[in-house]
Every structure is written in C-alpha cells, then in structure tokens.
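Biologist: I am new to this structure and would like a close look at a single part of it, the place where two helices pack against each other. Please describe that part with care, and then show me what else in the chain would help me find my way.

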Amino acid sequence: MTVLALETSCDETAVAILRDRELLASEVASQIALHEKFGGVVPEVASRNHLRHAPGLLERAIRDAKIDIKNVDAFAATSGPGLASSLMIGASIAKGLAVGFSKPYLAINHLEGHLLSPFFRSDKIDIEPNVSLVVSGGHTLLVEVLALNKYRVLGRTVDDAAGEAFDKVAKLLGLGYPGGPEIERLAQNGDRKRFDLPRSMLDSENFSFSGLKTAVRYLLPKIAVISTDARDDKLLADLCASFQQAVIDVLVRKTIAAAKKRNVDLVTLSGGVSCNEELRKQMRERCALEKIEFKVAEPWLCTDNAAMIAFAASLRLQSGFVSNVRDEIDPNLALA
C-alpha cells in the first residue's frame, strides 16, 4: 500500500510517500525565514509560497522514492485545522492527483497526524489506548485515544496554546522567531527556580497560558531584563528557565493526572512543542515514576510534515476509510 501525502496547513510545504511502514520520501520546505521579520505567519505569504514549492517537492519525492506516480495507491492531504488559503493548496493538488489517476483520496485531520505520530515506528498495527498530549504553536490538547478514529478530547487551551505562549514571551524578551527553540536554548544555562511564575488551572483538564505570559510581561520592568546594550544574560537565562518550567509543570501534571484517572498505562506526546528536550525528559521521568509507558514522536515528526499525514492516511485506508473529493477543507476542523 503506497500513499502520497501533502501537508500545507500553515507555513511548511511538505510531501511524503509511505509504503506500508517504510518511508520512501519526505520533503519539507520551511518558510520560517520568510515570516521571521513579521514575528508570525502571514497567510498570504504562506499560500503563495506553497504554490511555489509544492510542484518541485512533489517531483523530488517521486524521484527519491523511485516509483512511478501511477503506482501510488492513494493520495492524501491535510484538510484542517489550519489556514484556509494554505490548506487549499495541498488538498487541491491531492484531489487532482486522485481524480487524474482514479485513486482514493483521504482528507486527514492535522491533529490526528500529530496524535498518531508516536506510533510511526511501532511494529503494532493497532493503535493502543492512551492519553495523548498534542502541544504545538496553535494547539494544546489532552486526548483520550481508544482506537483509530475513536478520540475523546479531555481538555484544550482556553486562550494561548503552549507554543503560542513561547512565541509571545520570546517576543517580549527580544528573542527570535519561533520563540520555543530560543527560550529552550537560553534555559539550558538558567535557574528554573529563580522566578515564581503562575501555574494556571491545575485542577482542570483544560489549559491556560495567557496569565503566565502576562506575569512575565509585568515582571520585566522590575528586573530590567531587556537592556539591548547591557543585557544581563544570566538573568535572561533564569527567566527563560523559570518560564519554561512553569509550562512543563502544567503539561506534565495534567497529562499524568488524566492517565491515572482513566487507568491508562500509556502516555503519548506529539506536536511541535514536544521537540523541547526538557519537556520530553520530565514527562519520561514522571511516567517511569508512575509505571506508565511513554511514547514520543521523533523530533523530525513533531514539526509539521507530510510523513505523519501519510501514516494517518495509510491506517485509515487499511480500515476501509476514504474521503469524497468534493469535501471542502475546514480551517476549524475538530478532532472529535
């Protein structure tokens, strides 16, 4: 079973070809440099560059996979959630290929791609029941996974997603975009206990990071951390470490509590923020302490990519699911 998938939900253009569990090709064109000067993603710029990059990536993926496109069994694309003008590009290409070669088309939820990515290297065909934390720039979700396509959202962010909070705090600190990697880099040399920052909604399965961001903003004038000419690098590192730890404490505590409440012996972690090594480390340690198995997607699978979309599509195809090419993209597509 060979699946070709496209991912264009935001600012990464990606194409992947998957045969069963063997990844034959995975191509990604990043637009970070283009959007960095704006401090965030500009939809018009993103969609224009998807159009520019997609044909070349498609050609390269087919060449690297050493296959004839006529032998692809199904075509897939992210159908939501995401930016409408970006989603339309990948979905239109996949639909056109499916119609042109009379093959099935699969519309895949971007969040399901992340949700299933920790199982990408698994030998098991079935998705094991688990509590999953999907954490990225646009989403922070706690999900009970019963089986493929059987998901129950336990909690979600009521304001800023975790990755969004990283980006906004990084901007307050005068750091680059995206903010997560910059804060993580500086936090490595910082004292995470130096600043007592809030951990919100600890008794709920929902998340809130807006108050944490605001606490950092009000703290800055008191410690004068942003002095462009004479910045106190130790102070900045301590603040980054303290902020990062506040986010991690909330994510780990809520995930473990949800797993224990439902007697689930597996926790999975995915999404762009899961590239954060300290989050991985502390989630792994806490799972070991509670005797809960822990699976996390490989870092290259955590950021937006088409391999996870191809993987989700292949699992759905095996279970007999296909989509109608007339189905529209949905920027607000829900996971469950």
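Modeller: The model is a predicted one, and a good place to begin is the contact in which F166, D167, V169 and A170 of helix α5 meet G179, G180 and I183 of helix α6. The residues of this contact divide into four that are nonpolar, two that are polar and one that is charged. Two packed helices are described by the angle between their axes and the distance between those axes. Here the axes of α5, which covers residues 162–172, and of α6, which covers residues 179–187, come within 7 Å and cross at roughly 70 degrees. Because angles from 65 to 115 degrees count as roughly perpendicular, α5 is roughly perpendicular to α6. The crossing of the two helices is left-handed.

The loop between α5 and α6 is where P178 lies, and the peptide bond that joins Y177 to P178 is cis, with omega at about -5 degrees. A cis peptide bond is also found from G80 to P81, where omega is near -15 degrees, and P81 lies in the loop between β4 and α3.

That second proline leads on to helix α3, residues 84–100, which has 17 residues and reaches 24 Å from its first C-alpha to its last, close to the 24 Å expected at 1.5 Å a residue. The buried residues of α3 are S86, L87, I89, G90, A91, A94, K95, L97 and A98, and they pack against β1 (2–7), α2 (43–65), β4 (74–80) and β5 (105–109). After α3 comes S102, whose phi is positive, near 55 degrees.

Positive phi values can be followed to two further loops. D20, a residue other than glycine, has a phi near 55 degrees, and its place is in the loop between β2 (13–19) and β3 (22–29). With a relative accessible area of 42%, D20 is partly exposed. K291 is likewise not a glycine, yet its phi is positive, at about 60 degrees, and K291 lies in the loop between α9 (277–289) and β10 (293–296). The relative accessible area of K291 is 73%, so this residue is exposed.

To return to the part you asked about, the view to keep in mind is of α5 and α6 crossing at roughly 70 degrees, with P178 in the loop between them.

Key: Residues numbered from 1 in each chain as written. Predicted model: local features only at pLDDT ≥ 70, side-chain atom pairs only at ≥ 80, totals over all residues. Heavy atoms only, no water. Axes fitted to C-alpha atoms, helices over the stretch in contact; angles between N-to-C directions. Helix = DSSP H or I, 4+ residues; strand = E, 2+ residues; numbered from the N terminus. Parallel < 35°, antiparallel > 145°, perpendicular 65-115°, else oblique. Left-handed = near helix turned anticlockwise from the far one by under 90°. Contact = heavy atoms within 4.5 Å. Nonpolar A, V, L, I, M, F, W, Y, C, P; charged D, E, K, R; others polar. Expected span 1.5 Å × (residues − 1). Buried < 20%, exposed > 50% of the residue type's maximum accessible area, 1.4 Å probe, protein only.
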